[in-house]
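Work through the following exercises with the sequence and the model side by side. Each task is followed by a solution that proceeds step by step.

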Amino acid sequence: MCNSGDHEEMISRVEHISEKQLEKIRILVGEAFVTNELFHNWGSIDERREDVMKYMALYVDYVYQAGELYSNEDFTGFIGLEDSENAHKLPQVRMLFRMLTNIRFSKLKSLIRFAKQIGSSNAKYAKYRHLDALMVCVDKGHQGQGIASELVTYAKNMSDTMGIPLLFDTDMKEYAEMYKHFGCELYNTVIADNGVTRYSLCYKK
């Protein structure tokens with residue numbers, strides 16, 4: 001963990017929380033991702049909401065169980081950070097199994113097809129050791145308060161300390177612009193056949 005400065009001391013790993021606290025995080029993250037273009041093929045916002053909430057709840061569990069979930073002090077902003085050389089396979093397997101048993105197969109099939117089309121967008125850096133930003137999420141009621149900047153700054157300092165690049169992948173143009181504003185390089189874009197664009201960005205000192 002990085003503790004170089006007051007900014008970063010506000011961010012810490014999320015651990016030893018109650019099921020009630022974890023459920024609040026699942027809901028917060030799920031609500032933030034319902035409109036994400038990643039789920040473009042899952043129908044309208046209303047049609048996709050239930051499945052997106054389930055999907056992101058399982059994803060939050062994976063990031064938390066892997067010890068890769070970080071938050072600000074009041075739990076209004078979260079970031080997942082994973083060292084590519086220390087990926088946690090067992091939580092990944094658990095997540096995939098739970099997805100197969102909790103989310104309609106037709107939805108997962110369309111998502112997997114989409115993921116295959118854009119999966120190599122970050123190949124330029126991903127084949128080497130790097131730090132993956134698994135997700136960045138700020139509570140809707142606290143956006144515009146600099147929380148995303150704090151989370152990304154924390155990740156950048158962790159990247160500097162480890163001496164490896166920090167990678168962001170997003171399917172939202174406004175998020176890509178935000179990461180560029182925070183000092184990341186947009187080095188690749190890939191468009192899937194459903195019209196959704198994957199933006200791949202990198203920060204390195």
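**Exercise 1. How much space lies in the largest cavity, and which residues line it?**

Solution. The model examined here is a predicted one, and the search for enclosed space covers the whole structure, where it finds 1 cavity of 30 Å³ or more. The space in the largest cavity comes to about 40 Å³. Its lining is made up of Glu 37, Leu 38, His 40, Asn 41, Trp 42, Ser 110, Leu 111, Phe 114 and Asn 194. When the residues of this lining are sorted by class, they divide into 4 nonpolar, 4 polar and 1 charged.

**Exercise 2. What is the volume of the largest pocket, and which residues that line it are the closest to its centre?**

Solution. Rolling a probe the size of a water molecule over the atoms shows where empty space is left. For the largest pocket, the volume is about 1,600 Å³. The lining of this pocket counts 49 residues, and those closest to the centre are Leu 38, Tyr 59, Leu 134, Asp 169 and Arg 198. The next step is to ask which elements take part: those that give two or more residues to the lining are α2, α3 (45-65), α4 (89-102), α5 (105-118), β4 (131-138), α7 (147-162), β5 (166-170) and α8 (173-181). The element that gives the most is β4, with 7 residues. By class, the lining of the largest pocket holds 30 nonpolar, 13 polar and 6 charged residues. Leu 38 can be found in both lists, as a residue that lines the largest cavity and as one of the residues closest to the centre of the largest pocket.

**Exercise 3. Describe the chain as a whole, beginning with its secondary structure and ending with its surface.**

Solution. Begin with the secondary structure, which comes to 8 helices and 7 strands. Next, consider the radius of gyration: a compact globule of 205 residues would have a value near 17 Å, and because the chain has 16 Å, the two agree. Taken along the principal axes, the box that the C-alpha atoms fill is roughly 45 × 40 × 35 Å. Turn then to the contacts with a separation of 6 or more, of which 72% are accounted for by residues 24 or more positions apart. Of the 205 residues, 49% count as buried, while the area that the chain exposes is about 10,500 Å², with carbon and sulfur atoms supplying 51% of it.

**Exercise 4. Where do His 16 and Phe 75 lie, and is each of them buried, partly exposed or exposed?**

Solution. Start with His 16, whose place is in the loop between β1 (12-13) and α2. The relative accessibility of His 16 is 77%, and because exposed means over 50%, His 16 counts as exposed. Its phi is near 55°, a positive value in a residue other than glycine. Phe 75, for its part, lies in the loop between β2 (69-71) and β3 (77-83). The relative accessible area of Phe 75 is 29%, so Phe 75 is partly exposed. Although Phe 75 is not a glycine, it has a positive phi of about 60°.

**Exercise 5. Where is the place of Lys 24, and how far apart in space are Lys 24 and Ala 57?**

Solution. Lys 24 has its place in helix α2 (residues 19-33). With a relative accessibility of 55%, Lys 24 counts as exposed. In sequence, Lys 24 and Ala 57 are 33 residues apart, whereas in space they are 9.8 Å apart, C-alpha to C-alpha.

Note on methods. Residues numbered from 1 in each chain as written. Predicted model: local features only at pLDDT ≥ 70, side-chain atom pairs only at ≥ 80, totals over all residues. Heavy atoms only, no water. 1 Å grid on protein atoms, 1.4 Å probe; cavity = no way out; pocket = protein on both sides within 12 Å on 5 of 7 lines; lining within 4 Å. Points joined across faces, edges and corners; volume = space filled by probe spheres on them. Nonpolar A, V, L, I, M, F, W, Y, C, P; charged D, E, K, R; others polar. Helix = DSSP H or I, 4+ residues; strand = E, 2+ residues; numbered from the N terminus. Buried < 20%, exposed > 50% of the residue type's maximum accessible area, 1.4 Å probe, protein only. Rg over C-alpha atoms; globule rule 2.2 N^0.38 Å. Contact = heavy atoms within 4.5 Å. Areas by Shrake-Rupley, 256 points an atom, 1.4 Å probe, with all protein chains shown as cover.
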